[in-house]
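This report describes a structure for a reader who has not met it before. The sequence and the model come first, and the description follows.

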Number of protein chains: 2
Amino acid sequence: MNSEKIPDIIIGRLPVYLRALQRMADNGLNNTSSQELGEHVGISAAQIRKDISQFGEFGKQGTGYSIPFLLDKLKEILKVDRKWDVALVGAGDMGHALARYQGFNNRGFQIVMVFDNSKEKIGQKIEGFAIEDSASMVERIKSAGIKLAMLTVPAPFAQSVADKLVQAGVKAILNYAPISLNVPKYVKVQHIDPATHLQRMTYYL
Amino acid sequence: MNSEKIPDIIIGRLPVYLRALQRMADNGLNNTSSQELGEHVGISAAQIRKDISQFGEFGKQGTGYSIPFLLDKLKEILKVDRKWDVALVGAGDMGHALARYQGFNNRGFQIVMVFDNSKEKIGQKIEGFAIEDSASMVERIKSAGIKLAMLTVPAPFAQSVADKLVQAGVKAILNYAPISLNVPKYVKVQHIDPATHLQRMTYYL
């Protein structure tokens, strides 16, 4: 296995497999096939076998995949066999929704800091965290060694906040603002954009 | 062109091209190349040319793509050359964030109804809409002929709400709840799941 050579498109599918497998495990299942997994995620069995085989021989002809084993392997590959600290920037509606989101549980992430620049919000509690002044953001993130951030500030501020996150040593940004961010190539950005998801479905209507 | 034959993975990339092209247009650009577009979206020029050529000859060797022309064509293909009415179910933090989201403007969508089952919330205003009782949801959506819904209710309620949306004639659901939905095959579901996006980036850290 040479991680340099795995196409990004395959990496992008692994978290989807992981989510489906976790759901099967939660439902008490122990084994699955590429066929069954494929039906859950809407991807062909052949594609799933090909994707997973990039990382080793994890299934057996005829008996399929052990769910606990494959879960462990996928978590290890995606580096979510640990817990990553995440900084949340922007304590508006979306920030509050993310702070309360139950979907991070046991999936490798915990929000540990929340920043905002509004005097009214600073010091307020959001799910147990005191909202901190974004003026101290760079220093706080840097000294805590945080590598992941979620950005939920209004669009006009998103680029300048992203610049500060990069300066603070953040290597991956989940961007909720409806604009593209310019960051150095070594920084990963994923964009959460509901309009894009809707447009992908209207094609079929 | 036979829309039945275009792989879903290609359809999934078109909204990303559309967003990047719109941004170029907003910045006053009139022409682009697959190379330049590729740099904006992180997809190879060859892949972009191949994807777009599925739908016709939209570019010219040497001169590239006319941005206004390609924008029009992509909007037409994705059926966002019109405005779709969208029902929003769940008026919590995420629902409020979506109701206030500026990223739907000029991208083919408008929220026209907001539902919740909380007595405290029903009748309250959210961005100009009175929150309606979800007890009347099926009837309201059906009589308005709405085909798209965004689901931001807590996970334990998501499946039963999805069932009602399907009953009401909804054909595409954008699901923010951290669970998979079981719906008939003719109903499209897209899942917005921040943990999946984060996991896709931790691989590279």
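In chain A of this predicted model, residues 24 or more positions apart account for 54% of the contacts with a separation of 6 or more. The chain holds 8 helices and 11 strands. Of its 205 residues, 40% count as buried. Taken along the principal axes, the C-alpha atoms of chain A fill a box of roughly 60 × 40 × 35 Å.

One residue of chain A serves as an example of such contacts. Leu174(A) is found in strand S10, residues 172-175 of chain A. Is Leu174(A) buried or exposed? Leu174(A) counts as buried, because 24 C-beta neighbours lie inside 10 Å and the cut-off for a buried residue is 20 or more. The C-alpha atoms of Leu174(A) and Ala149(A) are separated by 6.3 Å, although these residues are 25 residues apart along the chain. Leaving aside neighbours within four places in sequence, Leu174(A) is in contact with Met150(A), Leu151(A), Gln190(A) and Ile192(A) of chain A, and with Pro194(B), His197(B) and Leu198(B) of chain B.

The next topic is how the chains meet. In total, 50 residues of chain B are in contact with 50 residues of chain A. On the side of chain B that touches chain A, the elements giving two or more residues are helix H1 (8-26), helix H5 (93-100), strand S9 (148-151), strand S10 (172-175), strand S11 (188-191) and helix H8 (194-202) of chain B. H8(B) supplies the largest share of this side, 9 residues. By class, the side of chain B that touches chain A has 28 nonpolar, 11 polar and 11 charged residues.

H8(B) also meets a helix of the other chain. The axes of H8(B) and helix H1 (residues 8-26) of chain A come within 8 Å and cross at roughly 135°. H1(A) and H8(B) are therefore oblique to each other, and their crossing is right-handed. From H1(A), the residues Ile11(A), Gly12(A), Pro15(A), Val16(A), Leu18(A) and Arg19(A) meet Thr196(B), Gln199(B) and Arg200(B) in H8(B). This contact of H1(A) with H8(B) has 4 nonpolar, 3 polar and 2 charged residues.

How are the two copies related? A turn of 180° and a shift of 0.0 Å along the axis lay chain B on chain A with an RMSD of 0.0 Å. The two copies are thus related as by a two-fold rotation axis. Asp93(B) has the C-alpha nearest the axis in chain B, 2.6 Å from it. The same surface serves both copies, as 100% of the contact residues of chain B recur in chain A.

Two residues of chain B remain, listed for their backbone angle. Most residues other than glycine have a negative phi. Lys79(B) has a positive value, and so has Glu127(B).

| Residue | Phi | Loop in chain B | C-beta atoms within 10 Å |
|---|---|---|---|
| Lys79(B) | near 60° | between helix H4 (67-77) and strand S4 (84-89) | 15 other C-beta atoms |
| Glu127(B) | near 55° | between strand S6 (125-126) and strand S7 (129-130) | 12 C-beta neighbours |

Lys79(B) is partly exposed, with 15 other C-beta atoms within 10 Å. Glu127(B) counts as exposed because 12 C-beta neighbours lie inside 10 Å and the cut-off for an exposed residue is 12 or fewer.

Technical notes:
Residues are numbered from 1 along each chain as its sequence is written. Chains are lettered from A and ligands numbered from 1 in the order in which they are written. This is a predicted model: local features need pLDDT of at least 70, side-chain atom pairs count only at pLDDT 80 or more; totals for chains, interfaces and linings use all residues. Two residues are in contact if their C-beta atoms, placed from the backbone, lie within 7 Å. Helices (H or I, at least four residues) and strands (E, at least two) are DSSP runs, numbered from the N terminus. Ala, Val, Leu, Ile, Met, Phe, Trp, Tyr, Cys and Pro count as nonpolar, Asp, Glu, Lys and Arg as charged, and the others, Gly among them, as polar. Copies are superposed by least squares on the C-alpha atoms of residues with pLDDT of at least 70 in both. Axes are lines fitted to C-alpha atoms, for helices over the stretch in contact, and angles run from 0 to 180 degrees between N-to-C directions. Angles under 35 degrees count as roughly parallel, over 145 as roughly antiparallel, 65 to 115 as roughly perpendicular and the rest as oblique. A crossing is left-handed if the near helix is turned anticlockwise from the far one by less than a right angle, and right-handed if clockwise.
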